[in-house]
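Work through the following exercises with the sequence and the 3D structure open. Each task is followed by a solution in steps.

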Amino acid sequence: MKIELSEAIEQLSIRIKDPLFVRAVLSGKRRSIQPEFVRVDIKPVLIKDELKFQIVSSDGKKDLTKNVEVDFSFSPLFLSGYANLQVDTTTESYSVKISKKDQAISGISKVKLTRELSHDRQKQRMLAESNHVFKALEMSDLLGRIKPTKMDKYKQVDEFLRLMNQLIEGELSEQKDLSIVDLGCGHAYLTFAVQEFLMGKGQKVSILGVDERSDSKIHNEEIAAKLKVNAKFLATKIADTPNQKVDIAIALHACDTATDDAINWAVKNDAKIIMVAPCCMHQLQTQIKDSPEPWGLLTKYGLVKERLVDLLTDSLRAQILKLLGYKVDIVEFIGGEHTARNLMIRAVKSDTSPSQIDRERYLQMLDQWQIKPHLANLLAQELKTSAKV
Ligand SMILES: C[S@@+](CC[C@H](N)C(=O)[O-])C[C@H]1O[C@@H](n2cnc3c(N)ncnc32)[C@H](O)[C@@H]1O
């Protein structure tokens, strides 16, 4: 309903001071005023048993957090150029939209929210929820909040960026021109986020997303056009991806042996950094009929066998990379909508030659379990030449 702007601001100010106040969001931009931030979030917090308001302002890339006293006057902030203002209590959501003609339209809806006063700062995100990339990917709503159905993906992307950033800062900090290939990119949530994140760090990025689904390529090219970024997409099998220069090869939940195809492609193209978060894995599960004793103790339980063989698969992937001269670690990643598997294999190319003990342990493992990982078949030539296995 139409309402005087002053009355709307008064209503918002009363509601934010309500003991049942949960959160407020300011976003969008009025016709003639440029707000300082893309989005502002306000919530009540308890700091040393004292109630305060926490204001998190985002410029679309970084968040700035400050805490203010309960008598803080929010009216100037409400009038600083945001077009959409929303204040939620535990039972009501009060929203005000300021039109191009500076007319205020208010609305009230029923909600059921919990007032959470924890003062822990929200995890510092690598890319803010309100980043325009997430809007273009339809992961966020009009207020720049990640949609509940996309929250798992957002968290995966965020954690992936965090783990990637550690490696880039450690290994490629001098390089300002990076070539990235995302293998099994799907709808390219990670691809575009990586590009946006690295460009935000002042890096020149060339990016290629590969997926066998041609609808993914069409979708991703539309998003690239919308974002006006230079990202290329190929609809092909990972195994058929043409060779090219690659600094960082990534694969997020590429199914089953597609992760092996991604590692194989990355190794053959001399990737400096390889980061894969594997998904479902079946290949070794079907190979293992009998286990070397006393491991039968674990493999007799289907669930335990499945987890053990998953770990075996990833450990052997890591060992193969190690034998091929990569420094490898396996770190905790984040589970998601498709998988509870939460490991990431990170490998950095180095000149170290494999040790005899590394070769022996690898060969013993294959021998005792009577297995041949798919990745070992794909990289048979390289393993023979470089690692003599
Ligand atoms: C679980 S989705 C993950 C997509 C994306 N990486 C993400 O995390 O949002 C796996 C994707 O890998 C693609 N894929 C699976 N096997 C592939 C292969 N051998 N070659 C190319 N793409 C493959 C599928 O089409 C699918 O889009």
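**Exercise 1.** How do the residues of the shell around the ligand divide into nonpolar, polar and charged?

Solution. The model is a predicted one: local features need pLDDT of at least 70, side-chain atom pairs count only at pLDDT 80 or more, and totals for chains, interfaces and linings use all residues. Residues are numbered from 1 along each chain as its sequence is written, and side-chain values use heavy atoms, with hydrogens and water left out.

Step 1. Collect the shell, taking a residue as near if one of its heavy atoms lies within 4 Å of the ligand. This gives 15 residues, the closest being Lys153, Gly184, Asp211, Ile238 and Leu252.

Step 2. Sort them by class: Ala, Val, Leu, Ile, Met, Phe, Trp, Tyr, Cys and Pro are nonpolar, Asp, Glu, Lys and Arg are charged, and the others, Gly among them, are polar. The shell has six nonpolar, four polar and five charged residues.

**Exercise 2.** List polar contacts of the ligand (pairs of N or O atoms within 3.5 Å), then state its cover.

Solution. Step 1. Start with oxygen atoms of the ligand. One is 2.6 Å from a side-chain N or O atom of Asp211, and a polar side-chain atom of Lys153 lies 2.8 Å from a ligand oxygen.

Step 2. Turn to nitrogen. A ligand nitrogen atom has a backbone N or O atom of Ile238 at 3.0 Å.

Step 3. On its own the ligand has 590 Å² of accessible area (Shrake-Rupley method, 1.4 Å probe), and the protein covers 86% of that.

**Exercise 3.** In which pocket does the ligand sit, and which residues lie nearest the centre of that pocket?

Solution. Step 1. Use a 1 Å grid over the protein atoms alone: a pocket is an open set of points with protein on both sides within 12 Å along at least five of seven lines, a cavity is a set where a 1.4 Å probe fits but cannot get out, and lining residues have an atom within 4 Å of a point.

Step 2. Place the ligand, which sits in a pocket if more than half of its atoms lie within 2 Å of the grid points. The answer is the second largest pocket.

Step 3. Describe this second largest pocket. Its volume, the space filled by probe spheres set on the points, is about 680 Å³. Of its 27 lining residues, Gly184, Gly186, Asp211, His253 and Cys255 lie nearest the centre. Helices H4 (151–171), H5 (189–200) and H7 (258–268) and strand E10 (204–211) each give two or more residues to this lining; helices (at least four residues) and strands (at least two) are DSSP runs.

**Exercise 4.** Which element gives the most to the lining of the largest cavity?

Solution. Step 1. The structure holds two cavities of 30 Å³ or more, and the largest has about 100 Å³ of space.

Step 2. Its lining has 14 residues, with Asp260, Gln283, Leu284, Thr313 and Arg317 nearest the centre. H10 gives the most, four residues.

Note on methods
A polar contact is a pair of N or O atoms within 3.5 Å; within protein, one must be able to donate a hydrogen and the other to accept it, and residues adjacent in sequence count only if both atoms are side-chain atoms.
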